[in-house]
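Subject: Handover of a structure

Dear colleague,

Please find below the structure that I am passing on to you. My notes on what was found in it follow directly after.

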Amino acid sequence: MTTDAAHQIAFRAMNSDIELLCYGPGAERRLNRAATWLAAYEERYSRFRVLSELSRLNAAAGRPFRSSPGLFRFVRLALDFARRSDGVFDPTVLRQLELAGYDRSFELITHAPARAPRTAPQKARWSDVRLDEASRTITLPEGAGIDLGGVGKGWAVDRMASILGRPCLVNGGGDVFAGGKPPDDASWRVGVADPFAPERDLMVMRVVDRGVATSSSLRRRWKAGEATLHHLIDPRTGAPSAADAVQVTVVAPSTLLADYHAKVALILGADAGLAYIDAQADVEGALVRSDGAVFTSRALPAYL
């Protein structure tokens with residue numbers, strides 16, 4: 001194991017604080033490559049950039065859109081997650097997000113005048129999206145839109161970790177991949193913030209070659225008229241989740257999987273969410289209920 005000093009950079013991207021750390025020869029070059037890759041990734045897949053490929057796909061709803069191989073794989077992956085969760089995770093909730101007020105980058109919402117939320121039935125579901133492998137086209141139902149934010153950050157964290165090589169630590173706004181072991185310890189330590197007192201850790205996990213992701217309904221919130229809303233839409237209602245789980249942290253083999261499972265568990269609620277995590281292979285988690293009670297999956301203590 002190399003004993004070289006750590007090299008690290010920090011910057012803003014995806015409306016999050018990004019921190020990258022790695023070791024060894026060429027570390028600075030790899031850090032720069034990862035940061036450059038993330039800038040291109042955001043340029044292509046952000047729904048807030050009108051010229052991004054994702055925005056052009058959404059603008060083409062109702063007719064076939066010939067996509068790049070990367071976007072096609074990404075949408076197919078999101079639809080596979082929707083299928084696995086029986087629609088509890090659904091990337092086609094974009095219009096419901098926009099109606100709730102999340103129609104621009106988050107920092108712009110918090111500085112805009114509060115306005116009454118709008119609601120409308122969700123006309124399209126994940127199962128209405130058509131993929132054609134032969135022509136590499138994606139056809140969204142008319143009026144529908146895709147939001148890849150539900151798993152996009154986790155996917156990006158994993159990709160940056162692969163660029164950095166092991167050992168490395170990638171922190172994408174709280175979604176983390178801990179690659180290999182740090183030179184001076186047997187594992188990485190990843191703190192999980194208390195959602196009701198973010199300045200302190202609820203717990204500290206020790207992880208190696210694992211992704212850790214946290215989904216919370218208390219972090220990205222905004223005022224809409226008299227209502228306080230958040231960004232986690234329950235596809236079953238078309239509105240921000242009203243489940244009693246307010247934060248879920250998941251440890252999984254990748255940050256992508258941790259991100260996905262955390263969102264599904266939060267929308268399901270504390271009891272059903274905990275049962276869901278316990279039913280997943282090689283996945284553990286901690287759930288915080290709205291009254292502050294904390295629930296952990298059966299094998300989570302192995303990480304504490």
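**Helix α3 and its surroundings**

Just after α3, D86 adopts a positive phi of about 55 degrees. Please bear in mind throughout that this is a predicted model.

The length of α3 was checked against expectation. With 16 residues at 1.5 Å a residue, α3 should span 22 Å, and its end C-alpha atoms are indeed 22 Å apart, so the two values agree. The buried residues of α3 are G70, L71, F72, F74, V75, A78, L79, F81 and A82.

The same helix carries a salt bridge between the side chains of D80 and R83, with an N to O distance of 2.8 Å. These two residues are 3 apart in α3 and are therefore separated by about one helical turn. D80 has 32% relative accessibility and so counts as partly exposed; R83, with a relative accessible area of 45%, is partly exposed as well.

S68 lies in the loop between β3 (65-66) and α3 (69-84). Its relative accessibility is 13%, which is under the 20% limit, so S68 counts as buried. A polar atom of the S68 side chain lies 3.2 Å from the backbone nitrogen of L71. Leaving aside residues up to four places away in sequence, S68 touches R44, E53 and R136.

**Salt bridges**

The structure holds 16 salt bridges. One of them joins the side chains of R47 and D147, at 3.4 Å from N to O. This pair links distant parts of the chain, 100 residues apart: R47 is in the loop between α1 (27-45) and α2 (53-59), while D147 is in the loop between β5 (137-139) and α6 (149-164). R47 counts as buried because its relative accessibility is 15%. D147 is buried too, since its relative accessible area is 14%.

A further salt bridge is formed by D259 and K263, whose closest N and O atoms are 2.5 Å apart. Both residues lie in helix α7 (residues 255-268), 4 residues apart, or about one turn of the helix. D259 and K263 are both buried. In addition, E42, E43 and R49 are joined into one network by salt bridges that share partners.

**Sheet and hairpin**

An open sheet of 8 strands runs in the order β1-β2-β6-β7-β10-β15-β16-β17, with antiparallel pairing. At its edges are β1 (7-13) and β17 (294-296), each of which pairs on one side only. From one strand to the next, the twist averages 10 degrees.

Within this sheet, β1 and strand β2 (residues 16-22) run antiparallel and are joined by 7 bridges. Q8 has L21 in β2 as its bridge partner. Helix α1 packs on the sheet, where it touches β1 and β2, and its direction makes about 15 degrees with that of β1. Helix α7 also packs on the sheet, touching β7 (175-179), β10 (210-216), β15 (245-252) and β16 (284-289); the direction of α7 makes about 30 degrees with that of β10.

Strands β8 (residues 188-194) and β9 (residues 197-207) pair in the antiparallel sense over 7 bridges. A hairpin of 2 residues connects β8 to β9, and A193 has D201 in β9 as its bridge partner.

With kind regards

Notes
Residues numbered from 1 in each chain as written. Predicted model: local features only at pLDDT ≥ 70, side-chain atom pairs only at ≥ 80, totals over all residues. Heavy atoms only, no water. Buried < 20%, exposed > 50% of the residue type's maximum accessible area, 1.4 Å probe, protein only. Polar contact = N/O pair within 3.5 Å; in protein donor to acceptor, adjacent residues only side chain to side chain. Contact = heavy atoms within 4.5 Å. Expected span 1.5 Å × (residues − 1). Salt bridge = Lys/Arg side-chain N within 4 Å of Asp/Glu carboxyl O. Pairing = 2+ DSSP bridges. Axes fitted to C-alpha atoms, helices over the stretch in contact; angles between N-to-C directions.
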